Amino acid sequence: MSVVGIDLGFLNCYIGVARSGGIETIANEYSDRCTPACISLGSKTRAIGNAAKSQIVTNVKNTVHGFKKLHGRAFEDPHIQAERVKLPYELQKMPNGSVGNCNSLFQVRYLDEERLFAVEQITGMLLAKLKETSENALKKPVADCVISVPSFFTDAERRSVMAAAQIAGLNCLKLMNETTAVALAYGIYKQDLPALEEKPRNVVFVDMGHSAYQVSICAFNKGKLKVLATTFDPFVGGRNFDEALVDYFSEEFKTKYKLNVKENPRALLRLYQECEKLKKLMSANASDLPLNIECFMNDLDVSSKMNRAQFEQLCAALLARVEPPLRAAMEQAKLQREDIYSIEIVGGATRIPAVKEQISSFFCKEISTTLNADEAVARGCALQCAILSPAFKVREFSITDVVPYSITLRWKSSYEEGTGECEVFSKNHAAPFSKVITFHKKEPFDLEAYYTHPHEVPYPDSRIGRFTIQNVGPQHDGDNSKVKVKVRVNIHGLFSVANASIIEKQNIEGDQNDTPMDTESSSKNQGRDDELDKMQVDQDEGIQKSQGEQQNQADEETENAGTETKAASGDKQDHPAQPKVKAKVKSIDLPIQASLYRQLGQDLINCYIENEGKMMMQDKLEKERNDAKNAVEEYVYDFRDKLCGVFEKFITEEDSNKLTLMLEDTENWLYDDGEDQPKQVYMDKLQELRKFGQPIQERYMEHEERPKVLNELGKKIQLLMKAVEAYKNKDEKYDHLDPAEMEKVEKYISEAMNWLNSKMNAQNKLSLTQDPVVKVAEIVTKSKELDSFCNPIIYKPKPKIEPPNDGQSKANGEHNGPVNGQSGAETKPEPAKDNSQQTKPPGEMEVD
């Protein structure tokens with residue numbers, strides 16, 4: 001089973017895999033550990049990752065990048081509209097009547113036609129590429145994975161990423177918050193964490209990436225990680241610092257060179273690339289640094305310079321936004337600066353000296369850079385995947401995350417036809433977590449889930465979804481039915497109404513010995529059983545809680561205060577005169593119809609999966625076609641060079657001229673009519689060239705290899721002839737051989753020598769441009785035949801001499817005298833002695 005963690009970044013992606021030696025960040029086919037989050041669509045195929053990044057400037061309109069934060073958002077979303085201005089490619093609204101809640105679409109030209117792609121499809125393409133990279137590294141199929149998402153992603157955004165993983169053919173075991181992944185990568189290797197009963201170690205994790213800024217405070221104990229608080233600014237990151245530089249130099253170039261950079265998408269992209277490089281250089285160098293771009297616009301070269309002090313002054317407003325999330329996180333966690341053990345920073349933008357200085361000055365403490373700023377998230381995701389996978393044994397480490405936003409349920413109340421509501425999960429509530437809410441209803445009802453404080457959520461729609469609890473009716477006596485509804489924030493951070501059940505009362509007459517105590521006891525036990533059942537379900541979901549936390553969850557059952565309700569104990573008090581009736585209850589599961597906002601339907605996802613499969617097949621066919629074309633081109637260049645080199649002596653001048661002309665014609669064809677031909681055409685063209693070139697190549701190879709094998713055959717014949725001569729001279733080494741067989745060997749050797757001489761003489765009469773009389777393969781075969789016929793006869797071992805009989809052996813023994821230090825007298829074998837007794841000192845008592 002594969003264990004893969006994917007850091008799905010805004011700018012770059014990283015893949016962590018678990019191997020027997022630990023967690024490793026793997027490299028792609030370019031030997032690069034980071035894969036750009038970039039997809040370029042062309043007339044024949046797609047380029048994804050590094051290959052696509054190189055086309056950002058050359059294929060501006062059809063190269064998609066910077067799409068991570070477009071997940072789960074409608075075209076009218078203010079964030080989408082703000083991003084559209086910055087993007088060089090087109091975003092379109094989904095046509096009316098299409099499924100998908102009017103999400104925005106990327107308009108690109110693919111396979112020579114205008115195509116629209118949803119963000120889930122684009123991310124699915126990227127994830128499929130990361131899946132392929134993982135499979136190449138692991139040498140086995142990859143399915144299970146853990147994918148990182150920003151902690152501020154809402155339900156709609158998380159479901160969109162889950163759909164993208166499904167399109168890519170990945171089974172996402174968990175969507176993991178980025179800062180939680182970093183915390184896991186930090187804490188699981190620590191051997192000196194406090195024991196469970198001791199005060200936890202509080203660590204702050206600051207992650208400023210290319211597009212967002214996140215802060216998380218975590219409490220560590222041995223084998224346990226608990227997130228205390230998480231805050232964020234989704235609109236501050238490395239790209240905002242790049243934008244500040246781009247705006248500055250755009251204005252300077254407008255004044256200095258009369259160039260309007262922002263009207264030229266290609267020039268603007270080049271300026272972004274140069275500004276990003278300059279920003280990185282200023283992080284390492286405080287002196288003036290140049291910015292030079294050749295042939296920038298209108299064949300003009302532009303140049304400027306900037307230093308770190310100017311850069312910090314230019315970005316003062318951005319740097320001022322570093323502190324508020326830090327302060328908010330400390331307030332939410334109810335901690336003081338002295339309670340913080342360490343501040344760990346990750347993310348590319350935290351390399352900016354001014355950002356590090358802001359963080360350090362707030363905590364009045366040196367910050368730690370022990371974690372890999374780029375790869376920590378991927379490593380944490382891979383560790384989480386290993387924990388969830390049965391294939392790996394990982395040190396026990398429980399992880400408790402938090403709910404980033406308060407969530408409230410609203411329902412229609414029968415009380416004066418009003419509405420009731422209840423905050424089911426507060427901000428920073430532990431997650432994953434389940435709660436049971438009890439309603440008293442006579443008919444089906446709707447529950448609407450939404451974010452309690454819309455202004456705190458960086459998303460224009462506070463709704464999560466509507467859940468209809470069906471098949472609810474009154475009890476047999478006409479009273480309201482008791483409906484238990486379980487709500488949950490699951491392992492992905494998604495809210496759902498997990499299940500609902502109706503509690504039916506069934507009155508059964510008891511015998512004369514029944515007492516009120518029996519009825520009350522039964523009711524109490526039932527309540528306790530319900531509570532235990534609720535706790536058991538949560539444990540089955542993998543929620544790791546302490547005993548106290550489990551008890552708190554058992555107490556979370558919330559009664560609907562806005563409806564006409566009666567507690568179980570109240571029901572008992574209303575009927576004190578019926579001691580002979582036992583109350584028996586039965587729980588019946590109820591169907592739930594869920595309508596989640598901005599969720600793709602499964603039919604549409606299936607359609608996207610099918611389209612992705614077609615595009616992958618198109619990519620494969622195009623690669624095979626290109627490989628066939630490249631094989632022809634390679635053959636032309638390689639053979640033409642050798643015609644003037646090693647092959648020159650093996651072809652006549654006339655044939656050489658003909659073949660050279662053929663190669664030139666093929667080369668011209670490749671760059672003219674043969675530029676875009678089917679795979680089979682290239683294969684046929686290569687076969688035609690080889691038909692003329694193969695004989696020349698074979699003559700050269702035969703000429704190179706023939707002397708070696710001829711020499712080996714000659715040596716073998718000489719050795720065999722020496723053995724035959726020694727036999728004739730009565731050498732005792734060969735005196736056991738059969739004369740008839742040796743006569744056959746001598747004859748065979750003579751024939752082989754004659755064959756060799758005749759072939760060598762005939763070959764020496766030929767020129768190098770003629771095909772050889774004898775080929776290397778024939779000589780090798782002759783050599784093997786010689787070995788198989790002669791060697792078993794000549795090298796036949798001598799027969800073994802029979803050993804003397806027992807009587808002779810005994811006589812020899814008596815005559816020879818003592819053997820192995822013994823006298824010649826007859827001896828009897830002594831019984832084996834116990835070594836322990838031999839080494840025992842004299843006089844020591846034996847003890848059993």
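Of the 848 residues in the protein, 45% are buried, where buried means under 20% relative accessible area, exposed means over 50% and partly exposed lies in between (1.4 Å probe, protein chains only). This is a predicted model, in which local features need pLDDT of at least 70 and side-chain atom pairs count only at pLDDT 80 or more, while totals for chains, interfaces and linings use all residues. Residues are numbered from 1 along each chain as its sequence is written, and side-chain values use heavy atoms, with hydrogens and water left out.

**The whole protein**

Show the cartoon first. The protein has 22 helices and 30 strands; helices (H or I, at least four residues) and strands (E, at least two) are DSSP runs, numbered from the N terminus. Now switch to the surface. The protein exposes about 44,600 Å², and carbon and sulfur atoms supply 49% of that area. Accessible areas come from the Shrake-Rupley method with a 1.4 Å probe, and for residues only the protein chains shown count as cover.

**Strand 5 and its partners**

Select residues 38-41, which form strand 5. Which way do the residues of strand 5 point? C38 and S40 point one way, I39 and L41 point the other way, and all are buried.

Add residues 63-65, which are strand 7. Strands 5 and 7 pair in the antiparallel sense over three bridges; two strands pair if DSSP finds at least two bridges between them. The bridge partner of I39 in strand 7 is V64.

Next add residues 46-48, strand 6. Strands 5 and 6 run antiparallel and are joined by three bridges, with I39 opposite I48. Between strand 5 and strand 6 is a hairpin of four residues.

**A six-stranded sheet**

Select the strands in the order 18-13-14-15-19-22, which form an open sheet with mixed pairing. Strand 18 (340-346) and strand 22 (430-431) stand at the edges with a single partner strand each, so one side of each has no neighbour in the sheet. Strand 13 (residues 201-208) runs parallel to strand 18, and six bridges join the two. To find this pairing, label N202, which stands opposite I340 in strand 18.

**Helix 12**

Select residues 376-388, which are helix 12. From its first C-alpha to its last, this helix of 13 residues reaches 19 Å, close to the 18 Å expected at 1.5 Å a residue; the expected span is 1.5 Å times one less than the number of residues. How many residues of helix 12 are buried? Ten of its 13 residues are buried, among them A376, G380, L383 and Q384.

**The loop with H492**

Go to H492, in the loop between strand 26 (481-489) and strand 27 (495-509). H492 is buried, with a relative accessible area of 11%. Leaving aside neighbours within four places in sequence, H492 is in contact (heavy atoms within 4.5 Å) with R158, M162, C172, L173, K174 and L175.

**The largest cavity**

The last stop is inside the protein. A search of the whole structure finds five cavities of 30 Å³ or more. On a 1 Å grid over the protein atoms alone, a cavity is a set of points where a 1.4 Å probe fits but cannot get out, and lining residues have an atom within 4 Å of a point. The largest cavity holds about 140 Å³ of space. Its lining has 18 residues, and N177, D401, A431, I491 and G493 lie nearest its centre. Strand 12 (171-177) and strand 19 (398-402) each supply at least two residues of this lining.

Key. On a 1 Å grid over the protein atoms alone, a cavity is a set of points where a 1.4 Å probe fits but cannot get out, and a pocket is an open set with protein on both sides within 12 Å along at least five of seven lines; lining residues have an atom within 4 Å of a point. Grid points are joined across faces, edges and corners, and a volume is the space filled by probe spheres set on the points.
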